[in-house]
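Welcome, and thanks for taking a look at this model with us. Please have the sequence and the 3D view open side by side as you read.

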Amino acid sequence: MSDDGAGDDGDAGSDGGDADGTGPTPTPVSDAGYDEWLDALAAGEGYALVCPDGHGSLPPRRICPDCGSDALSREPLAETGRVETFSVVHVPSPRFADDAPYVTAVVDLGPVRATGVLRGVEPEGDAVEVGLSVTAGVEERATDGEPLVAFRPDDGE
Amino acid sequence: MTDARVAGVGLTRFGSHADRAGRDLFATAAERAFEDAGVPREDVEELNYGNFMGALAEHQGHQAPLMAEAAGVRCPATRYESACASAGVAVREAVRTVAAGDADVVLAGGMERMTNLPTAEVTEGLAMAADDLFEVRSGVTFPGAYALMATAYFEAYGGERRDLAHVASKNHANALPNEYAQYRREVSVDEAMDAPPVAEPLHLYDACPITDGASALVVVSAEYAAEHDVDAPVAVAGTGQGTDRMALGDREHLARTPAADDAAEAAYAAAGVGPDDVDVAEVHDCFTIAEVLATESLGLFEVGEGVSAAREGITTADGDLPVNLSGGLKAKGHPVGATGGSQIAELTRLLRGDHPNSEHVPDAEVGVAHNAGGTVASAVVHVLEVAE
Ligand SMILES: [Zn+2]
């Protein structure tokens with residue numbers, strides 16, 4: 001959780017104006033909470049927000065979506081996760097045009113599940129199975145280099 | 001509680017109307033609904049209109065006043081957005097408004113224009129119904145999300161691609177006589193099996209097409225119908241809605257749709273009926289696996305048993321419980337924001353006996369419609385009954 005004080009309304013600051021006076025430029029969208037989480041995952045320090053009852057969720061969150069508790073604390077994700085379901089995507093959205101075919105998977109990482117692209121396997125239905133043990137990290141989307149939640153088969157190291 | 005009746009229904013043909021503006025499509029559906037109802041436009045007290053991606057497809061927000069103009073009604077008009085369940089929630093609010101006695105006549109329905117966009121943009125647009133941060137950025141497409149549910153279903157309960165191919169083949173067969181359907185062409189089980197993959201285990205014929213179209217219903221109170229001598233034999237006896245966590249991965253079970261369980265429970269309770277009373281169903285089969293999940297949430301089959309219903313001939317036109325006699329989203333087409341209204345239109349005609357497939361359900365008295373948004377983070381269920 002962030003250390004936001006009372007009265008904080010989540011204003012992230014910049015309004016994206018063209019400060020250098022050279023005209024409008026596209027402002028990269030930032031999502032406070034989510035960006036921080038992705039950076040942590042990339043650094044091998046992925047976490048979930050967990051309430052006293054043990055419900056896990058992903059940021060940004062101010063209350064537990066399961067029980068409404070506002071006492072959320074950061075808990076580390078499991079070092080390896082289990083593939084709960086997957087699909088080999090052949091028809092991508094434009095942002096994944098050069099990534100296809102790829103495997104998308106939902107992985108149980110302890111306090112939460114996460115959805116990402118499973119790499120290091122052949123993108124074929126027979127090459128993956130539910131129950132596969134994987135690690136989670138952040139890699140680049142082939143199409144445009146944007147960061148992406150990625151899983152790799154756990155090599156046991 | 002006042003009894004809400006469907007006085008009239010109107011649809012455009014579903015399919016490609018690439019050169020027609022959305023307002024023109026909705027105008028056609030509304031005109032047909034008024035003609036079917038025999039209710040004058042000036043009696044309409046509210047317009048509830050469903051649309052999902054008009055801002056993307058037509059650069060048009062704030063569509064409700066535009067559609068009120070197009071339909072020729074002058075009354076409070078509101079757009080409802082709940083992804084693929086947009087028209088379902090619009091109809092539900094019409095029913096609630098009439099049932100509460102707040103209006104005697106409400107026009108409800110929806111419109112979606114899709115084929116004017118390149119397929120890649122439609123894919124991107126539909127993905128907006130999923131969680132952008134945690135699903136779309138992770139590569140989840142609309143077919144991909146349902147594929148994740150299909151894999152999870154097969155893993156938990158069994159079933160295989162061929163079971164789903166039977167759902168596709170059934171719904172294509174049902175669409176043959178439906179003049180509003182996009183695909184009036186038979187697809188064999190083998191043809192569906194051999195089609196190219198979209199998001200494994202789902203292949204081309206597991207998926208609904210990209211569709212333009214509009215739907216409109218004239219919903220009236222029973223008192224209004226009696227006073228004005230309007231023939232409205234079909235009542236909306238129950239309505240229910242449910243919500244679930246947005247992202248599939250956050251759900252308790254990856255192969256179930258509790259939002260639809262909740263919607264069904266509420267709709268059945270309001271109607272005073274149960275799953276055993278249902279004679280015919282129109283369900284949200286945006287993908288073949290979705291029909292399976294829908295029929296289980298509606299209680300028509302036990303959890304884990306719905307997958308083989310088409311293959312066993314239970315849900316086919318000549319089966320004990322026909323599902324998607326219209327052709328479903330699968331073959332009739334899925335103009336996203338219009339679909340929920342079109343399901344009620346089809347079911348009304350099936351129950352009135354003037355649908356080309358009414359011959360398969362000659363004694364039907366209770367029908368159920370199931371409309372879902374996203375991966376069923378939103379669900380709306382309506383129970384229709386022959387009232388007189
Ligand atoms: Zn909690």
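Does G306(B) count as buried or exposed? With a relative accessibility of 5%, G306(B) falls under the 20% cut-off for buried residues, so it counts as buried. Please keep in mind throughout that this is a predicted model.

## Around G306(B)

Let us stay with this glycine for a moment. G306(B) sits in the loop that runs between helix 11 and helix 12 of chain B. Setting aside neighbours within four places in sequence, its contacts are Y153(B), V292(B), T295(B), E296(B) and F301(B).

There is also a long-range pairing to look at in the viewer. D163(B) is 143 residues away from G306(B) in sequence, yet their C-alpha atoms are 9.8 Å apart in space.

## Chain B as a whole

Chain B contains 13 helices and 11 strands. Its radius of gyration is 19 Å, close to the 21 Å given by the globule rule for 388 residues, so chain B is as compact as a globular protein of that length. Measured out along the principal axes, its C-alpha trace covers about 55 × 45 × 40 Å.

Of the 388 residues in chain B, 67% are buried. Among contacts with a separation of 6 or more, 79% join residues that lie 24 or more positions apart. The accessible surface of chain B is about 12800 Å², and carbon and sulfur atoms contribute 44% of that area.

## Helix 6 against helix 11

Two helices of chain B are worth bringing into view here. Helix 6 (residues 142-157) of chain B and helix 11 (residues 288-297) of chain B have axes that come within 9 Å and cross at roughly 65 degrees. The crossing of this pair is left-handed. On the helix 6 side, the contact is made by Y146(B), M149(B), A150(B) and Y153(B), while helix 11 brings I289(B), A290(B), V292(B), L293(B) and E296(B).

Sorted by class, this contact has eight nonpolar residues, no polar ones and one charged residue. Some of these names have come up already: Y153(B), V292(B) and E296(B) are also among the contacts of G306(B).

## Helix 4 against helix 13

A second helix pair in chain B involves helix 4 (residues 86-99) and helix 13 (residues 339-352), which pack at an angle of about 65 degrees with their axes 5 Å apart. Here A87(B), G88(B) and V91(B) of helix 4 meet T339(B), G340(B), G341(B) and I344(B) of helix 13. By class, the contact has three nonpolar residues, four polar ones and no charged ones.

## Backbone details in chain B

Which residues other than glycine have a positive phi? A83(B) is one of them, with phi near 55 degrees, and N324(B) is another, with phi near 60 degrees. A83(B) belongs to the loop between strand 3 (77-80) and helix 4 of chain B, and it is buried at a relative accessible area of 6%. N324(B) is found in the loop between helix 11 and helix 12 (328-332) of chain B, and its relative accessible area of 0% makes it buried too.

Chain B also has a cis peptide bond to inspect, from E200(B) to P201(B), with omega near 10 degrees. P201(B) is placed in the loop between strand 5 (197-200) and strand 6 (202-203) of chain B.

## Turning to chain A

Chain A is built from one helix and eight strands. Read from the N terminus, its elements follow the order α-β-β-β-β-β-β-β-β. Buried residues account for 37% of the 157 residues of chain A. For contacts in chain A with a separation of 6 or more, 50% are between residues 24 or more positions apart. The accessible surface of chain A is about 8400 Å², with 45% belonging to carbon and sulfur atoms.

A cis peptide bond appears in this chain as well: the one from P59(A) to P60(A) has omega near 0 degrees. P60(A) lies in the loop between strand 2 (56-57) and strand 3 (73-76) of chain A.

Key: Residues numbered from 1 in each chain as written. Chains lettered and ligands numbered in written order. Predicted model: local features only at pLDDT ≥ 70, side-chain atom pairs only at ≥ 80, totals over all residues. Heavy atoms only, no water. Axes fitted to C-alpha atoms, helices over the stretch in contact; angles between N-to-C directions. Helix = DSSP H or I, 4+ residues; strand = E, 2+ residues; numbered from the N terminus. Left-handed = near helix turned anticlockwise from the far one by under 90°. Contact = heavy atoms within 4.5 Å. Nonpolar A, V, L, I, M, F, W, Y, C, P; charged D, E, K, R; others polar. Rg over C-alpha atoms; globule rule 2.2 N^0.38 Å. Buried < 20%, exposed > 50% of the residue type's maximum accessible area, 1.4 Å probe, protein only. Areas by Shrake-Rupley, 256 points an atom, 1.4 Å probe, with all protein chains shown as cover.
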